[in-house]
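Work through the exercises below with the sequence and the coordinates side by side. Each task is followed by a stepwise solution.

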Amino acid sequence: MSHSGQQRRYEPLGTVLVIIPTYNEADNIQSVVGRVRSAVPEAHVLIADDNSPDGTGKIADELAADDEHIQVLHRRGKEGLGVAYLAGFKWGIEHGYGVLVEMDADGSHQPEELPRLLTALKGADLALGSRWVPGGRIVNWPKHREFISRGGSTYSRLLLDVPIRDLTGGYRAFRKETLEGLGMDAVASQGYCFQVDLAHRAYRAGYHVVEVPITFVERERGDSKMSRDIFAEALWRVTAWGVSRRVKKLLGHRHT
Ligand SMILES: Nc1nc2c(ncn2[C@@H]2O[C@H](COP(=O)(O)OP(=O)(O)OP(=O)(O)O)[C@@H](O)[C@H]2O)c(=O)[nH]1
Ligand SMILES: [Mg+2]
C-alpha cells in the first residue's frame, strides 16, 4: 500500500532489534523475551523499562547478563509508550540495527509471528501487524475492547484518509531508513496516538506500508496501562490532524 512502492528494489534487511517497552511487566518479561529468542534467534532484544516499581528492570538486567542478544535501556520514570519507543529507536539506530520492531511485553504480540512480519518487510518500508485484515484475529478480547479498537481505527482511517485497516496496533517492523526519514523529533504523542501518528505519516510520506494479519492475544498477567487519558489523547489528536489536513487541502484548492 503506497503511492509508488511496488516496482522498487529493496535492500536486504539489516540486523533486527526487537524493542519491548515495559512498565510493571515482571510477570511477563522473561516469557516474552524467551519466545523472541526462540522464534528469531538472530534478532536482538532491547527492553526499554521506565523504572518499573515492580522490579521489571532488575529481571531485565538478569536476562541481559546471561545473553549477549539482550540489552536494557533504563529510563528515569514513566513517560509513556511513545517516548520509550523513540528512545529505543534512537538507541537502535545509533547501534547500527537495520530493522526496529515494536512489540508489547504482555504476550499480546506473539513472537512466533515475527518471521512473517520480517518477510513482509523485505518488500516494504514498514510492516504493520494487523488485526483487521483478512486472516487477522483477536483472542480473549471483550466485545467492548474490540468495538473501541475497531472504531478507533475506522475513525482514524476515514478522518486521516489512509487505506490502513489497523492504525492503532503496536506490533510493527520498521526499516531504519523509514524511521530516519520520518524525523522522529516531531512525534509527541503517547499511547495509541503514537501508533496512529507513525503509521499515517509513513503512508503520507510515500513509504510502502504493508499490513500482515496477526492473532492478537489479550494479556493474561499484569495490569493494562491503557487509560481514559490515553484514549482521550488519541481522539483529540487524530481529530485535530484530520481537520487540519482537510483545511489545508481546502485552502490549497482555492489557491490553484
Ligand atoms: N517503558 C514504558 N512502557 C510502557 C508504558 N506504558 C505502557 N508500556 C508498555 O507498553 C506495552 C503495551 O501496554 P499495555 O498496558 O499492554 O497496553 P494495551 O495493550 O493497550 O492494554 P491491554 O490490552 O490491557 O494489555 C506493554 O509492554 C507495557 O508494559 C510506559 O509509560 N513506559
Ligand atoms: Mg497489552
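**Exercise 1.** Is Ser156 buried or exposed?

*Solution.* Keep in mind that this is a predicted model.
- Step 1. Locate the residue: Ser156 sits in helix H5, residues 143-160.
- Step 2. Count its surroundings: 29 other C-beta atoms lie within 10 Å of Ser156.
- Step 3. Apply the cut-off: a residue with 20 or more such atoms is buried. Ser156 is therefore buried.
- Step 4. List the contacts, leaving out residues up to four places away in sequence: Ser156 touches Leu167, Val196 and Val238.
- Step 5. Add a distance: Ser156 and Ala43 are 32 Å apart, C-alpha to C-alpha, with a sequence separation of 113 residues.

**Exercise 2.** Which residues of helix H1 are buried, and why do they lie on the same side of H1?

*Solution.*
- Step 1. Helix H1 spans residues 29-39, and its buried residues include Ile29, Val32, Val33 and Val36.
- Step 2. These residues cover an arc of only 95° around the axis, so they fall on the same side of H1.
- Step 3. Look at the cover: E1, E2, helix H2 (56-66), strand E3 (70-74) and helix H4 (114-121) are among the elements over the buried residues of H1.
- Step 4. Take Val36, a residue of helix H1. Val36 counts as buried because it has 25 C-beta neighbours inside 10 Å.
- Step 5. Beyond four places in sequence, Val36 contacts Val18, Ala43, Val45, Pro111 and Leu114.
- Step 6. Val36 and Glu112 are 76 residues apart in sequence, yet their C-alpha atoms are 7.3 Å apart.

**Exercise 3.** How many residues does the largest nonpolar core have, and which have the most contacts inside it?

*Solution.*
- Step 1. Recall the background: in soluble globular proteins, nonpolar side chains tend to be buried together.
- Step 2. The largest nonpolar core here has 62 residues. Val18, Val101 and Val209 have the most contacts inside it.
- Step 3. Helix H7 (residues 192-204) gives the largest share of this core, 8 residues.
- Step 4. Follow Val101, again skipping neighbours within four places in sequence. Its contacts are Val16, Leu17, Val18, Ile19, Leu114, Arg172 and Ala173.

**Exercise 4.** Which residues are closest to ligand 1, and which elements give two or more residues to its shell?

*Solution.*
- Step 1. Ligand 1 is surrounded by 21 residues. The closest are Pro21, Ala84, Ala105, Ser224 and Lys225.
- Step 2. Strand E1 (16-22), strand E2 (44-49) and helix H3 (81-94) each give two or more residues to the shell.
- Step 3. Sort the shell by type: 7 nonpolar, 4 polar and 10 charged.

**Exercise 5.** What sign does phi have at Asn24 and Asp161?

*Solution.*
- Step 1. Start from the rule: most residues other than glycine have a negative phi.
- Step 2. Asn24 is not a glycine, but its phi is positive, about 55°. Asn24 belongs to the loop between E1 and H1.
- Step 3. Asp161 is not a glycine either, and its phi is positive, about 65°. Asp161 belongs to the loop between H5 and strand E7 (172-175).
- Step 4. Check exposure. Asn24 is partly exposed, with 19 other C-beta atoms within 10 Å. Asp161 is partly exposed, with 14.

**Exercise 6.** Which residues does UniProt list for "domain: Glycosyltransferase 2-like"?

*Solution.*
- Step 1. The unreviewed UniProt entry lists residues 18-180.
- Step 2. That span is 41% helix and 20% strand, and its end C-alpha atoms lie 17 Å apart.

Conventions. Residues are numbered from 1 along each chain as its sequence is written. Chains are lettered from A and ligands numbered from 1 in the order in which they are written. This is a predicted model: local features need pLDDT of at least 70, side-chain atom pairs count only at pLDDT 80 or more; totals for chains, interfaces and linings use all residues. A residue is near a molecule or strand if its C-beta atom, placed from the backbone, lies within 6 Å of it. Helices (H or I, at least four residues) and strands (E, at least two) are DSSP runs, numbered from the N terminus. Ala, Val, Leu, Ile, Met, Phe, Trp, Tyr, Cys and Pro count as nonpolar, Asp, Glu, Lys and Arg as charged, and the others, Gly among them, as polar. A nonpolar core is a set of buried Ala, Val, Leu, Ile, Met, Phe, Trp, Tyr and Cys residues joined through C-beta atoms within 7 Å. A residue is buried if 20 or more other C-beta atoms lie within 10 Å of its own, exposed if 12 or fewer, and partly exposed in between; C-beta atoms are placed from the backbone. Two residues are in contact if their C-beta atoms, placed from the backbone, lie within 7 Å. The arc is that of the directions from the helix axis to the C-beta atoms. UniProt positions are given in the numbering used here, feature names are shortened, and annotations may be inferred rather than shown by experiment.
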